[in-house]
Amino acid sequence: MSAETTNKELLRGGQFLVKETKCEDVFTPEDFSEEQVMMKEAVKEFTEREIIAHRDRFEAKDYALTEEVMKKAGELGFLGVAVPEEYGGMGMGFVSTMITCEYISSGNGSLSTAFGAHTGIGTMPITLYGTEEQKQKYVPKLATGEWMGAYCLTEPGAGSDANSGKTTAELSADGKSYKINGQKMWISNAGFCNVMIVFARIENDKNITSFIVEYDAANPNGITLGEEEHKLGIRASSTRQVFYNDTIVPAENMLSSRGGGFKIAVNALNVGRIKLAAACLDSQRRVLTTALKYATERKQFKTPIADFGAIKAKLAEMATNTYAGESASYRAAKDIEDRIEMRLAAGNTHQEAELKGVEEYAIECSILKVTVSEDVQACADEGIQIFGGMGFSEETPMEAAWRDARIARIYEGTNEINRMLAVGMLVKKAMKGHVDLLGPATEVGNELMGIPSFDTPDYSELFAEEKEMIAKMKKVFLMVAGSAIQKFGPDLEEHQQLLMAAANILNEVYMAESTLLRAEKNAKRFGEDAQEGQIAMAKLYLYNAVEIVAKNGKEGIISFAEGDEQRMLLMGLKRFTKYANYPNVVALRNLIAEKMKAENSYCF
């Protein structure tokens, strides 16, 4: 483990809510190693040359181009970044896999989908759950792009409820093979894959089982593919239904254990969620920079529209959300990497360390998936608006960016599912004693009953008041969620709208804190003047977050509390969402926009 890792307290997943994090203890994009910067530049160059240069072909549903570019990515090692060296990969750390995913995904949603489906859910289950024989047989081919992978989980009647699939696997009389029958849908890479991870149920098992199924179009083994789906976006991503009719799979191709498929599916989704957040980051930068350049050139009333306050507000908000997404994504990625290193040092196998490392931060993965996927959609939407009528035309890249962004809120579990999951997982961690919610929630309750302090705090130090606001936002979550748990107990999961409101608060706490900590860390090492724009974005993001917390806190409180309890909680909410000194929001936005105008790009 690195000295940096051993010198800091490595918080468990979800503990950010009840423990203070020092800015020195978070990892930021400014902390990329020389190797990581080189990887980033190599992937960016590949993306410009092989993906962005062929935008029109992707939009024209050129599925062969997607396969061709994926093969080239494999030849350069990009498909095997996360694969251990002994199986033909590069064996790089989790942060490096995030960087690769981020920059290869920004040029086009179709290629991003193919890359994510292949490297994540197509290859990773074998790497992490396969036997040594399975890994030796399949992973090297997948890591180099010789073979392509697909992941066959979703069925017509089983979407969010993944464990309810009807596809069956029947053991042969001699016990040497399984016969698979059923139907899968929305299968990415189906049109050119060689290996499928297929989920099926054996007899009346409670949980589904996973199998490695080879596919050869010349010898289909009972596998037939539906026609390519016609989709809103990601047009050159091969997406088909897959039908299994007495498909014979050797018994040794069972992945993990009988009934172990559901756990594979859940853990694959955890990794997929944080990688999806990464896949949205450089896309936001590209949309923002494209919109900024247009706004600088486009004149109305003899003035570049980038000089108008209404446009500056859009550009500043787009930049702020991008900066927040970067901050939180790489904070979590490094926590996962450090946890993996810690487990390896303790003697865990690579498989155990990777699985447990990611599983530990499943809450943060869900938070990032939700927040960044919604931010990239909002960014593309504002991009169209800045372009005006031209933004609606296929001549400009904005409409394709908007269409491609839309799927991100559905992938890897819908955002609604992920919101409820984040809160549900946090409550379960608290019940296991992994995160102490009860103690801090009790303290907040006592604080509400006490007399508030009327002392004037010293806010002279950078972010002093902002840190206090984040601490108070955490109190809002503890107050609202604690009261709701007290009222509904284990039945809370049935009150989905309350869970959604609590999740919105939780999301904003993590995102705002991550943004602030990054800006503070960089201000300390590079100087406040050099980080003026970043400091402004941290303050602007926090202001917006406080407003979201206030709205969702109020919605939750008035929906489950009545009478004196409601009045007390609302008073607490008002206390915990009130600044002593409100920021000048217009001035912050103008500062951010002017910084970008001067550089003619997202420059943070």
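A search of the whole structure, which is a predicted model, finds zero disulfides. Cysteine 280 takes part in no such bond, the nearest cysteine sulfur being that of cysteine 101 at a distance of 9.0 Å, and since a disulfide requires the two sulfur atoms to lie within 2.5 Å, this pair does not qualify. Cysteine 280 is buried, with a relative accessible area of 6%. Cysteine 379 is likewise in no disulfide, and the nearest cysteine sulfur, which belongs to cysteine 280, is 10 Å away. With a relative accessibility of 2%, cysteine 379 also counts as buried, because the cut-off for a buried residue is under 20%.

The packing of two helices was examined next. Helix α8, which spans residues 261-297, and helix α10, which spans residues 350-360, have axes that come within 9 Å and cross at roughly 65°. The two helices are therefore roughly perpendicular to each other, given that angles of 65 to 115 degrees fall in that class. The crossing in which α8 passes α10 is left-handed. On the side of α8 the contact is made by Lys263, Asn267, Asn270 and Val271, and on the side of α10 by Leu355, Val358 and Glu359. By character, the residues of this contact divide into three nonpolar, two polar and two charged.

Backbone geometry was then considered at two loop positions. Most residues other than glycine have a negative phi. Lysine 61, which is found in the loop between α3 (55-59) and α4 (63-75), nevertheless has a positive phi, near 65°. Phenylalanine 463, located in the loop between α14 (438-449) and α15 (464-488), also has a positive phi, of about 65°, although it is not a glycine. As to solvent accessibility, lysine 61 counts as partly exposed, at 30% relative accessibility, whereas phenylalanine 463 is buried, with a relative accessible area of 2%.

A further loop residue, histidine 54, lies between α2 (34-51) and α3. Its relative accessibility of 26% places histidine 54 among the partly exposed residues, because that class covers values between the 20% limit for buried and the 50% limit for exposed. When residues up to four places away in sequence are not counted, histidine 54 touches Arg49 and Leu65. The C-alpha atom of histidine 54 is separated by 19 Å from that of alanine 405, a residue 351 positions apart from histidine 54 along the chain.

Note on methods:
Residues numbered from 1 in each chain as written. Predicted model: local features only at pLDDT ≥ 70, side-chain atom pairs only at ≥ 80, totals over all residues. Heavy atoms only, no water. Axes fitted to C-alpha atoms, helices over the stretch in contact; angles between N-to-C directions. Helix = DSSP H or I, 4+ residues; strand = E, 2+ residues; numbered from the N terminus. Parallel < 35°, antiparallel > 145°, perpendicular 65-115°, else oblique. Left-handed = near helix turned anticlockwise from the far one by under 90°. Contact = heavy atoms within 4.5 Å. Nonpolar A, V, L, I, M, F, W, Y, C, P; charged D, E, K, R; others polar. Buried < 20%, exposed > 50% of the residue type's maximum accessible area, 1.4 Å probe, protein only.
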